[in-house]
Amino acid sequence: MDWLAAPDYDVARTVLQRGIAGVYLVAFVAVWHQFPALLGERGLLPVPEHLRRSAGRAGPSLFRWRYSDRLLRAVAVAGIVLAASVVVGLPQSGPPWVPMVVFLALFGLYLSVVNVGQVFYGFGWESLLLEAGFLAAFLGSDEVAAPVTVIWLFRWLVLRVELGAGLIKMRGDPCWRDLTCLYHHHETQPMPGPLSWFFHHLPRPLHKVEVAANHVTQLLVPFLLLAPQPVATVAAGVVVVTQGWLVLSGNFAWLNWLTMILAFSAVGDGALSTAVPATAAPDAHGPVPVWFGVVVLAVTALLVVLSWWPARNLLSPRQAMNASFNRWHLVGAYGAFGSITRRRDEVVVEGTDAADPFEETGWREYVFPGKPGPTGRLPRQWAPYHLRLDWGMWFLALGSPSQHVWFTRFLQRLLEADPATLRLLAVDPFAGARPTWVRARVFRYRYSTWEELRRTRQWWVRREVGVLVAPATLADLRRLR
């Protein structure tokens, strides 16, 4: 079985195992903090209700047999502990079956969460993390060299992520083809970061250069990941740099971070040591155990068969974006922002404890941690952490009907001053007390200009364009349900 070994990929394996585990750690921390309020027994979309409606259609999940917030928190703690153990390198120091068991456990636990997460877990990077974790289970431990087939499967994953994103853009919004999408995207993206205002105000010719460079990186560079060394390492470096640029310009949860980690599957030790001498010679490895080789080859064969569907999707003029072709979220289709919004609407939620809802001076705004709210607040860097409620509010402002189901219940929880829901917010203007009324207004947001920023110290300019929910009491909202 020694022919299966890829001894020149020790650094790649270390980065893949520890990096993927680090993202799982962030994901399970988010499960602990957000899942009960969003999807728990008293959540906005309670899992027990979802399971009763979906019956056998729900994908594989521990919670299909029983859900409780206590069990959910146990899953989150187990995921945090297991992921942290890989980050510090404990399972990798044992035989190959130890990291295999740990990563398969991480995969199974997070799959259980995603398959009952409904719209709050309906993002392509959930499937990306699951697929990456499943592959990482078969990278082996420090006792053996990384299996060459698994290294190639990781590269196939990166190719699908980058090429899928590039093709969906070229087949989608015309602004990608005329290189003008970044005239709008930094301003209208789901969750701007602290530098997004500055990126938006770059000269327009530079925006066109950014889009052109993006096309090169996503449509041509992915194929170079499959080339011999050192070309593959250089291609991986290009992916890392461009993904780092996206990290600086916005907050896309762990999508960009995980893509950078996965790109290391194309980084060879020899090519890396030439550029960075400190990364020295690879460790000595023992022979590949027969049982491990058989397992790796069986998994490789399975994933090659499953690759038929995403490969066909890449070639299809009706390319699906962020699609899973099986309930295990393995070998999926990826891509993002096939179309770009030209304007930014935000739903601003307010409450008042006044008896008369038409007394305007009593209304106070609920502030979310990540989404734009008060115009003088500079957005924070949240990625790789995923603020799921804030992302839901972005889709709500776009008019997505699937978001209205939970939003009415969210307003109800605000009127109840529910502690778990309020912990998802940055500012509760009533400090834990119950308001009498809530409302939701729609505002059109745009970035301030350089002159407006100097004069007003405001990062945003906004104006009201409509009302989503008129002033309502708790009794009003309960009747709506």
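Colleague: By class, which residues does the lining of the second largest cavity have?

Modeller: Good place to start. A lining can be read by sorting its residues into classes. In this predicted model, the lining of the second largest cavity has six nonpolar residues, one polar and two charged. Among the nonpolar ones are Val347, Val348 and Val349, and the charged ones are Glu365 and Lys371.

Colleague: Which strand gives the most to that lining of the second largest cavity?

Modeller: Strand β3, which spans residues 344-352, gives three residues. Tyr366, Phe368, Pro372 and Gly373 also line this cavity, and the space in it is about 30 Å³.

Colleague: How many cavities of 30 Å³ or more does a search of the whole structure find?

Modeller: Two. The largest holds about 40 Å³ of space.

Colleague: And what lines the largest cavity?

Modeller: Its lining includes Gly370, Pro374, Arg377, Pro379 and Trp460. Lys371, Pro372 and Gly373 belong to this lining and also to that of the second largest cavity. By class, the largest cavity is lined by four nonpolar, two polar and two charged residues.

Colleague: Let's turn to helix packing. At what angle do α15 and α16 pack?

Modeller: For a pair of helices, the angle and the axis distance go together. Helix α15 (residues 290-306) packs against helix α16 (residues 308-315) at about 30°, and their axes are 4 Å apart.

Colleague: Which residues meet there, α15 with α16?

Modeller: On the α15 side, Val304, Val305 and Leu306; on the α16 side, Trp308, Trp309 and Pro310. The residues of this contact comprise six nonpolar, no polar and no charged.

Terms used:
Residues numbered from 1 in each chain as written. Predicted model: local features only at pLDDT ≥ 70, side-chain atom pairs only at ≥ 80, totals over all residues. Heavy atoms only, no water. Axes fitted to C-alpha atoms, helices over the stretch in contact; angles between N-to-C directions. Helix = DSSP H or I, 4+ residues; strand = E, 2+ residues; numbered from the N terminus. Contact = heavy atoms within 4.5 Å. 1 Å grid on protein atoms, 1.4 Å probe; cavity = no way out; pocket = protein on both sides within 12 Å on 5 of 7 lines; lining within 4 Å. Points joined across faces, edges and corners; volume = space filled by probe spheres on them.
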